[in-house]
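Thank you for making room for this on the agenda. I would like to walk through one structure with you slowly, element by element, and I will try to keep to what can be read from the atoms.

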Amino acid sequence: MSVDRAAGTIREEANPAVQRSTKLYIATAVISLVGLADAIYLAIQHITGESVRCTIVSGCSEVLSSPYAVMFGTPLAEIGAAAYFSVFSLATLAAFGYRIAGHLLLALVLVMCGTSLWLIYLQAFVIRHFCQYCLLSAAVTFMLTILMFLTKRTRVNSSQ
Amino acid sequence: MKRILPFVIILLVLGIAIGSAMYLKQAASNPTPLANASPATNTTSPATEPVNNANLPPGAQPPWVLGPATAPVTLEEFGDFECPPCGLLHPILLQMRREFGDKIRLIFRENPIVPNHQHALAAASSAEAAGNQGKFWEMHDLLYENQKTWHEAFDVRPIFEGYAKQIGLDLERFKQDVNSDQVAKRITDDGIRGRAMGVKGTPTVFMNGHEVPFEQLPAEKLRVVIKKELGEQ
């Protein structure tokens, strides 16, 4: 283990557990880009009003034109894009050894996972339509959650 | 270098994300010219000259038209009676008709979104069957104005038959026509024309052959677009 005083971070390159968690953070950053692209597409659909149009693509017009597609006056897709970009940024920093970024990342992904579960409930039981772009976003968030648990387990195992 | 690398990567992704968003927004905001339009009409401004649509499928013949053939502006709507935004557009188009009179001509094309809208095909068939008795627009108006009523119904047949009675149709003929091949062919023909014109959802409105962007369909914006087309603004 080496201490990088200038960066204020602790570097543990020699530790295999750290190497594994670095790989997991890189995977997290890459997967978050899929969520970011999906959220940007949905946000543009919302801004231009295309999401309101009825399309062959099942369910999206019903879901994206529902009141649940907006939170605090901001389209949920824009909040999602900001969240995925934050995940990407934190995962990148964590991969470069910024440990505080790893802790923030775990908290953020857990909040996103909870939000995704709530949105799936709304689609299934309240709006009664599914939008595949929203489902893709939820799938990405669940993958990020699994990666976060794997990272956490790697860290816990290495400290025992 | 290694210390600033993550920040460089983050800024790079941020730049790409913002650039992609701006590109997508620009692309979504531009009107889509007809697939077979001549290059001269391939512009992002409302059309000022007729589009060469000779190669396009004609759609159901004759189409349902309101307004004179000599009107300088033709609005061709691809609609689905069960689609809520189409229901919202309905009074707007009526308002445009009142405001512009014989300067605009409306054409309605069937574009039921099946299977998402479970009653859309039955509604389209009912409108077409009413059209066989010269009452297309009466049924068209009733379907849109009562959309919320029949949208949630399990069986829409008695409701649509009630509308048919209300507008004075021969009910037996209406029941036959709803399930006829002729009505099915009209709906299919409109769908074929819609696909050729790049219709991906409803409502899609073409003004003199150029798609009016969805965001310009609210009354205050559509009025401006029509005035520009008429050279009044």
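**Loops, sheet and cores**

Let me begin at Pro62 of chain B, which sits in the loop between H1 and S1 of that chain. Please keep in mind that what you see is a predicted model, and that every value I quote is computed from it. The peptide bond joining Gln61(B) to Pro62(B) is cis, with omega at about -10 degrees. Chain B has another proline to look at in this respect, since a cis peptide bond also joins Thr202(B) and Pro203(B), with omega about -5 degrees, and Pro203(B) lies in the loop between strand S4 (201–202) and strand S5 (204–207).

Why mention these at all? Most peptide bonds are trans, and most residues other than glycine have a negative phi. On that second point there are two residues to show you. Asn208(B), in the loop between S5 and S6 of chain B, has a positive phi near 50 degrees, and at 19% relative accessibility it counts as buried, the cut-off being under 20%. Phe72(A), which is not a glycine either, has a positive phi of about 55 degrees; Phe72(A) is in the loop between strand S4 (70–71) and strand S5 (74–75) of chain A, and with a relative accessible area of 79% Phe72(A) is exposed.

Now to chain B as a whole, which has nine helices and six strands. Of its 233 residues, 48% are buried, and if we take the contacts in chain B between residues at least 6 apart in sequence, 77% of them join residues at least 24 apart.

Five strands of chain B form an open sheet with mixed pairing, and the order across it is S1-S3-S2-S5-S6. At the edges are strand S1 (64–66) and strand S6 (210–212), each of which pairs on one side only, and from one strand to the next the twist averages 25 degrees. Within this sheet, strand S2 (residues 73–79) and strand S3 (residues 104–110) of chain B run parallel and are joined by seven bridges; Leu75(B), for instance, has Leu106(B) as its bridge partner in S3(B).

Which strands does helix H4 of chain B touch as it packs on the sheet? Helix H4(B), residues 136–145, touches S1, S2 and S3, and its direction makes about 70 degrees with that of S3(B). Helix H8 (residues 181–196) of chain B lies across S1, S2 and S3 as well, running at about 110 degrees to S3(B).

Helix H4(B) deserves a little longer, as it is mostly covered, with seven of its ten residues buried, among them Trp137(B), His140(B) and Tyr144(B). Two packed helices are described by the angle between their axes and the distance between the axes. For helix H3 (residues 120–132) of chain B against H4(B), that angle is about 150 degrees and the axes are 7 Å apart, and H3(B) and H4(B) are therefore roughly antiparallel to each other. On the H3(B) side the contact includes Ala123(B), Ala127(B) and Gly131(B), while H4(B) contributes Phe136(B), Met139(B) and Leu143(B). Sorted by class, this contact has six nonpolar, two polar and one charged residues.

That brings me to the nonpolar cores. The largest one has 33 residues, and those touching the most other members are Leu36(A), Ile40(A), Tyr84(A), Leu105(A) and Leu144(A). At least two residues of this core come from each of helix H1 (16–48), helix H3 (76–95), helix H4 (99–127) and helix H5 (132–159) of chain A, and likewise from helix H1 (5–29) of chain B. Helix H3(A) gives the largest share, eleven residues. If we leave aside neighbours within four places in sequence, Ile40(A) is in contact with Ala81(A) and also with Ala17(B), Ala21(B) and Leu24(B). Apart from this core lies another, of 27 residues, which includes Ala127(B), Trp137(B), Tyr144(B) and Ile167(B).

I will end with Val126(A), in helix H4 of chain A. With a relative accessible area of 35%, Val126(A) is partly exposed. Not counting residues up to four places away in sequence, Val126(A) touches Tyr68(A) and Tyr121(A), and although Tyr68(A) is 58 residues away along the chain, its C-alpha atom is separated from that of Val126(A) by 9.8 Å.

Conventions
Residues numbered from 1 in each chain as written. Chains lettered and ligands numbered in written order. Predicted model: local features only at pLDDT ≥ 70, side-chain atom pairs only at ≥ 80, totals over all residues. Heavy atoms only, no water. Pairing = 2+ DSSP bridges. Helix = DSSP H or I, 4+ residues; strand = E, 2+ residues; numbered from the N terminus. Axes fitted to C-alpha atoms, helices over the stretch in contact; angles between N-to-C directions. Contact = heavy atoms within 4.5 Å. Buried < 20%, exposed > 50% of the residue type's maximum accessible area, 1.4 Å probe, protein only. Parallel < 35°, antiparallel > 145°, perpendicular 65-115°, else oblique. Nonpolar A, V, L, I, M, F, W, Y, C, P; charged D, E, K, R; others polar. Core = buried A, V, L, I, M, F, W, Y, C linked by side-chain atoms within 4.5 Å.
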